[in-house]
Amino acid sequence: MSFPTCPEAMSSAWLAGTLGQDPDTLRGFTVAKVGTGQMCDSFRLTLDWTGDVGTPSTVVAKCPSHDEASRHIAKLTGTYVKEVNWYRELAAESGVAAPLCHHAEIADNDVDFVLILSDLAPARQGDQLAGLGLDGLVPCIDAAAGLHALLWNDPRLEALPWLARDNGEVIRALFPQLYAGFRERYAERLDPEVLDLGAGIVERLDAYLERQAAARTIVHGDLRIDNILFAPDGESCWLVDWQTLGRGSGAVDLAYLIGTSIADPLERAAADRPGFDRWIAALEQRGIAPDADALWDDYRAGALSGYFMAVFASMSVERTARGDEMFAVMAERPARQALMLGSLDLL
């Protein structure tokens with residue numbers, strides 16, 4: 001391996017080179033950890049240039065997690081491969097609101113990687129625990145529509161092997177046992193009907209994994225406000241954390257976003273259809289002709305996706321106090337959404 005995978009292993013000369021500068025133009029840099037991600041470690045690098053070389057004063061380095069369990073599940077599911085290839089092959093020309101990538105490398109073991117990304121400060125990460133109402137989610141819905149319009153029923157969905165990677169067998173093998181652990185861990189934190197929803201997913205796991213989308217496109221797969229950076233005025237946003245990219249229905253991404261974000265069940269229920277209609281309109285503005293009736297069924301079934309991710313991720317990555325509570329609300333809010341929308345009935 002010929003590249004560093006943590007700030008401690010980076011030299012000033014190497015870092016300058018990733019930004020297109022001569023090795024001796026960067027005197028040094030300081031490091032500060034940023035973000036709350038549990039699959040990767042991210043750092044803000046503040047750069048001390050020898051002069052005005054027209055390069056940024058800060059960048060963000062994204063590296064493999066320090067936690068062995070997180071790196072193991074990343075290898076199994078190809079999460080690092082997906083994020084690196086998003087930046088290498090699609091991001092720059094996509095028009096999707098996302099950080100600019102200065103440098104991307106990944107080793108053959110699918111684990112060792114490094115990304116050097118633009119620093120979007122003063123944009124700030126959304127707060128999953130606090131949640132966000134529909135008005136605050138509007139720029140996220142528009143950004144999601146931009147992503148989904150990119151490859152809507154596009155033949156390139158079959159031509160990108162890293163995007164087409166099928167983790168179905170891994171999920172079939174792991175999900176039932178992960179759910180058993182999740183149920184035990186959260187027995188005192190979550191209500192019985194919320195915990196029981198997971199048993200329903202286990203019973204219908206094949207139908208859940210094999211459900212056909214009304215329209216196929218590229219999907220983010222973990223579209224929640226922890227993975228979105230917001231401008232200080234909240235009027236615009238950037239999508240980050242591209243580790244769970246895949247192919248499927250964009251309506252599932254949307255259900256996941258709304259279901260995991262809005263804390264109050266009644267407020268969320270009132271937001272489901274308006275948020276969906278906003279997404280449909282945003283797709284139409286981008287030249288897509290969506291079948292709203294069929295995609296609404298995708299949305300209803302997609303309400304299960306937040307719960308599904310909470311179970312899978314909570315039992316696969318390093319435990320933290322914030323992470324435990326974050327996964328609890330990630331399960332609880334979409335569970336209420338799925339129960340109200342009758343999601344299991346569609347499987």
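## Helices, strands and ring contacts in a predicted model

Helix H12 is mostly covered, with eleven of its eleven residues buried. The model described here is predicted. The buried residues of H12 include Leu304, Tyr307, Phe308, Met309, Val311 and Phe312. Smaller side chains of H12 are buried as well, among them Ser305, Gly306, Ala310, Ala313 and Ser314.

H12 is also one of the partners of helix H7. The buried residues of H7 pack against helix H6 (168-185), helix H8 (205-210), helix H12 (304-314) and helix H13 (321-341). On the H7 side, the buried positions are Val194, Leu195, Leu197, Gly198, Gly200 and Ile201. An α-helix has 3.6 residues a turn, so residues three or four places apart point the same way. The length of H7 (residues 192-203) can be checked: at 1.5 Å a residue, its twelve residues should span 16 Å, and the end C-alpha atoms are 17 Å apart, which agrees.

**Aromatic rings**

Aromatic pairs in the model number eleven. One of them is edge-to-face: the ring centres of Phe276 and Tyr299 are 5.8 Å apart and the ring planes stand at 70 degrees, where over 60 degrees counts as edge-to-face. Phe276 belongs to helix H10 (residues 265-285) and Tyr299 to helix H11 (residues 292-302), so this pair ties together parts that are 23 residues apart in sequence. Phe276 is buried, at a relative accessible area of 0%, and Tyr299 is buried with a relative accessible area of 0%.

Tyr299 has a further ring partner in Trp296. Their ring centres are 5.0 Å apart and the planes lie at 10 degrees, so the pair is stacked; the cut-off for stacked is under 30 degrees. Trp296 and Tyr299 both lie in helix H11, three residues apart, about one turn of the helix. Both residues are buried. Ring pairs join Trp152, Phe276, Trp279, Trp296 and Tyr299 into a cluster.

Trp296 also takes part in a contact with a charge, as the charged end of Arg273 sits over its ring. The ring of Phe43 has Lys33 in the corresponding role.

| Charged residue | Ring | Distance from ring centre |
|---|---|---|
| Lys33 | Phe43 | 6.0 Å |
| Arg273 | Trp296 | 4.7 Å |

**Strands**

Strands of a sheet pair through backbone hydrogen bonds, either parallel or antiparallel. Here three strands form an open sheet in the order E6-E8-E9, with antiparallel pairing. E6 and E9 are the edge strands, each pairing on one side only. E6 is joined to strand E8 (residues 228-230) by two bridges, and these strands run antiparallel. Gln125 has Leu229 in E8 as its bridge partner. Helix H4 lies across E8 and E9, running at about 45 degrees to E9.

Strands E4 (residues 101-106) and E5 are joined by five bridges and run antiparallel. Glu105 has Val114 in E5 as its bridge partner. E4 and E5 make a hairpin with six residues between the strands, in which Asp110 takes a positive phi near 65 degrees.

**Backbone exceptions**

Most residues other than glycine have a negative phi, and most peptide bonds are trans. Asp110 in the hairpin departs from this with its positive phi, and further cases lie in loops. Phi of Asn153 is positive, near 50 degrees; Asn153 is in the loop between helix H4 (134-150) and helix H5 (161-164). Phi of Asp241 is also positive, near 60 degrees. Asp241 lies in the loop between strand E9 (237-239) and strand E10 (246-248), and is buried, with a relative accessible area of 19%, just inside the limit of under 20%.

The peptide bond from Ala121 to Pro122 is cis, with omega near 15 degrees. Pro122 falls in the loop between strand E5 (113-118) and strand E6 (124-125).

**A buried lysine**

Is Lys82 buried or exposed? Its relative accessibility is 7%, so Lys82 counts as buried, the cut-off being under 20%. Lys82 is placed in helix H3 (residues 79-94). Leaving out residues up to four places away in sequence, Lys82 touches Thr77, Trp162, Asn167, Trp242, Gln243, Thr244 and Leu245.

How values were computed
Residues are numbered from 1 along each chain as its sequence is written. This is a predicted model: local features need pLDDT of at least 70, side-chain atom pairs count only at pLDDT 80 or more; totals for chains, interfaces and linings use all residues. Side-chain values use heavy atoms; hydrogens and water are left out. Helices (H or I, at least four residues) and strands (E, at least two) are DSSP runs, numbered from the N terminus. Buried means under 20% relative accessible area, exposed over 50%, partly exposed in between (1.4 Å probe, protein chains only). Rings of Phe, Tyr and Trp (its six-membered ring) pair if their centres lie within 6.5 Å; planes under 30 degrees apart count as stacked, over 60 as edge-to-face and the rest as tilted. A charge sits over a ring if NZ of Lys or CZ of Arg is within 6 Å of the ring centre and within 35 degrees of the ring normal. The expected span of a helix is 1.5 Å times one less than its number of residues. Contact means heavy atoms within 4.5 Å. Two strands pair if DSSP finds at least two bridges between them. Axes are lines fitted to C-alpha atoms, for helices over the stretch in contact, and angles run from 0 to 180 degrees between N-to-C directions.
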